[in-house]
Amino acid sequence: MSEQLSQTEPLEQFLTAKEVASCLKVTTRTLYRRMDSGNFPKPVKFSENCVRWRQQDVKNWISSFDLPSAPAVSALPIR
(Lines give C-alpha, C1' and ligand atoms only; values in the text may rest on other atoms or scores of the structure.)
Protein backbone atom coordinates (compact mmCIF):
# COMPACT_ATOMS: atom_id res chain seq x y z
CA MET A 1 0.00 0.00 0.00
CA SER A 2 1.52 3.35 -1.02
CA GLU A 3 1.33 6.43 1.15
CA GLN A 4 -0.60 9.30 -0.43
CA LEU A 5 0.32 12.97 -0.02
CA SER A 6 -2.03 15.08 2.01
CA GLN A 7 -4.04 17.58 -0.04
CA THR A 8 -3.12 20.36 2.40
CA GLU A 9 0.61 19.61 2.56
CA PRO A 10 2.48 21.64 -0.10
CA LEU A 11 5.20 19.95 -2.12
CA GLU A 12 8.73 21.23 -1.75
CA GLN A 13 9.70 23.60 -4.57
CA PHE A 14 12.97 23.26 -6.49
CA LEU A 15 14.63 25.94 -8.62
CA THR A 16 17.02 25.71 -11.57
CA ALA A 17 20.34 27.58 -11.59
CA LYS A 18 18.85 30.03 -14.07
CA GLU A 19 15.85 30.71 -11.81
CA VAL A 20 18.04 31.20 -8.74
CA ALA A 21 20.46 33.48 -10.61
CA SER A 22 17.55 35.54 -11.95
CA CYS A 23 16.09 35.91 -8.46
CA LEU A 24 19.46 37.10 -7.12
CA LYS A 25 20.18 39.30 -10.18
CA VAL A 26 23.51 37.52 -10.84
CA THR A 27 24.82 35.29 -13.60
CA THR A 28 24.73 31.52 -13.26
CA ARG A 29 28.55 31.60 -13.24
CA THR A 30 28.48 33.89 -10.16
CA LEU A 31 26.01 31.53 -8.53
CA TYR A 32 28.34 28.55 -9.04
CA ARG A 33 31.36 30.58 -7.83
CA ARG A 34 29.49 31.43 -4.61
CA MET A 35 28.52 27.80 -4.18
CA ASP A 36 32.09 26.57 -4.82
CA SER A 37 33.47 29.02 -2.25
CA GLY A 38 30.96 27.84 0.36
CA ASN A 39 28.95 31.08 0.30
CA PHE A 40 25.77 29.57 -1.09
CA PRO A 41 23.71 26.43 -0.37
CA LYS A 42 24.58 23.30 -2.32
CA PRO A 43 21.96 22.03 -4.78
CA VAL A 44 20.18 18.69 -4.73
CA LYS A 45 21.54 16.39 -7.44
CA PHE A 46 18.73 14.44 -9.10
CA SER A 47 20.93 13.00 -11.84
CA GLU A 48 24.27 13.63 -13.53
CA ASN A 49 22.89 16.60 -15.48
CA CYS A 50 20.04 17.72 -13.22
CA VAL A 51 20.63 19.81 -10.11
CA ARG A 52 18.09 22.02 -8.36
CA TRP A 53 18.09 24.26 -5.31
CA ARG A 54 15.44 23.99 -2.64
CA GLN A 55 13.43 27.20 -2.72
CA GLN A 56 13.39 27.31 1.09
CA ASP A 57 17.22 27.03 1.22
CA VAL A 58 17.52 30.03 -1.09
CA LYS A 59 14.98 32.03 0.95
CA ASN A 60 16.83 31.16 4.18
CA TRP A 61 20.14 32.22 2.62
CA ILE A 62 18.66 35.58 1.58
CA SER A 63 17.12 36.04 5.04
CA SER A 64 20.49 35.46 6.68
CA PHE A 65 21.64 38.91 5.51
CA ASP A 66 20.90 41.94 7.64
CA LEU A 67 19.48 44.08 4.86
CA PRO A 68 18.29 47.63 5.56
CA SER A 69 14.56 47.96 5.19
CA ALA A 70 13.10 50.30 2.63
CA PRO A 71 11.57 53.52 3.99
CA ALA A 72 7.83 53.51 4.45
CA VAL A 73 5.90 55.31 1.74
CA SER A 74 4.46 57.73 4.31
CA ALA A 75 8.02 58.68 5.39
CA LEU A 76 8.94 59.95 1.94
CA PRO A 77 8.72 63.72 1.44
CA ILE A 78 5.74 64.94 -0.55
CA ARG A 79 6.50 67.39 -3.36
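The following exchange introduces a predicted model of a single chain.

Colleague: In what order do the elements of the chain run from the N terminus on?

Modeller: The secondary structure of this predicted model comes to three helices and three strands. Read from the N terminus on, these elements run β-α-α-β-β-α.

Colleague: What is the order of the strands in the sheet?

Modeller: The sheet is open and has three strands with antiparallel pairing. Strands E1 (14-15) and E2 (44-47) stand at the edges, each with a single partner strand, so one side of each lacks a neighbour in the sheet. E1 pairs with strand E3 (residues 50-54) over two bridges. The order is therefore E1-E3-E2.

Colleague: Which residue of E3 stands opposite Phe-14?

Modeller: E1 and E3 pair in the antiparallel sense. Within E3, the residue opposite Phe-14 is Arg-54.

Colleague: How wide an arc do the buried residues of helix H1 cover around the axis?

Modeller: The buried residues of H1 (residues 17-24) are Ala-17, Val-20, Ala-21 and Leu-24. An α-helix has 3.6 residues a turn, so residues three or four places apart point the same way. The buried residues of H1 lie on the same side of the helix, because they cover an arc of only 95°.

Colleague: Against which elements do the buried residues of H1 pack?

Modeller: One of the partners is a strand that belongs to the edge of the sheet, E1. The full set of elements is E1, helix H2 (28-36), E3 and helix H3 (55-63).

Colleague: Which elements do the buried residues of H2 pack against?

Modeller: Thr-30, Leu-31 and Met-35 are the buried residues of H2. They cover an arc of only 140° around the axis, which puts them on the same side of H2. The elements they pack against are H1 and E3.

Colleague: Which element gives the largest share of the largest nonpolar core?

Modeller: In soluble globular proteins, nonpolar side chains tend to be buried together. Here the largest nonpolar core has 10 residues, including Leu-15, Leu-31, Phe-40, Trp-53 and Trp-61. H1, H2 and H3 are the elements that give two or more residues to this core. The largest share, three residues, comes from H1.

Colleague: Which residues does Met-35 touch, not counting residues up to four places away in sequence?

Modeller: Met-35 is a buried residue of H2 and a member of the largest nonpolar core. With residues up to four places away in sequence not counted, Met-35 touches Phe-40, Pro-41, Lys-42, Pro-43 and Trp-53.

Colleague: How many residues apart in sequence are the parts that Glu-12 and Arg-54 tie together?

Modeller: The side chains of Glu-12 and Arg-54 meet in a salt bridge at 3.0 Å, N to O. Glu-12 lies in the segment before E1, and Arg-54 lies in strand E3, so the parts tied together are 42 residues apart in sequence.

Colleague: Which residues are linked in a network of salt bridges?

Modeller: A search of the whole structure finds three salt bridges. One of them joins Lys-45 and Glu-48 at 3.8 Å; Lys-45 is exposed, with a relative accessible area of 54%, and Glu-48 is exposed at 64%. Arg-54 meets Glu-12 in one salt bridge and Asp-57 in another, at 3.9 Å. The linked residues are Glu-12, Arg-54 and Asp-57.

Methods:
Residues are numbered from 1 along each chain as its sequence is written. This is a predicted model: local features need pLDDT of at least 70, side-chain atom pairs count only at pLDDT 80 or more; totals for chains, interfaces and linings use all residues. Side-chain values use heavy atoms; hydrogens and water are left out. Two strands pair if DSSP finds at least two bridges between them. Helices (H or I, at least four residues) and strands (E, at least two) are DSSP runs, numbered from the N terminus. Buried means under 20% relative accessible area, exposed over 50%, partly exposed in between (1.4 Å probe, protein chains only). The arc is that of the directions from the helix axis to the C-beta atoms. Contact means heavy atoms within 4.5 Å. A nonpolar core is a set of buried Ala, Val, Leu, Ile, Met, Phe, Trp, Tyr and Cys residues joined through side-chain atoms within 4.5 Å. A salt bridge is a side-chain nitrogen of Lys or Arg within 4 Å of a carboxyl oxygen of Asp or Glu.
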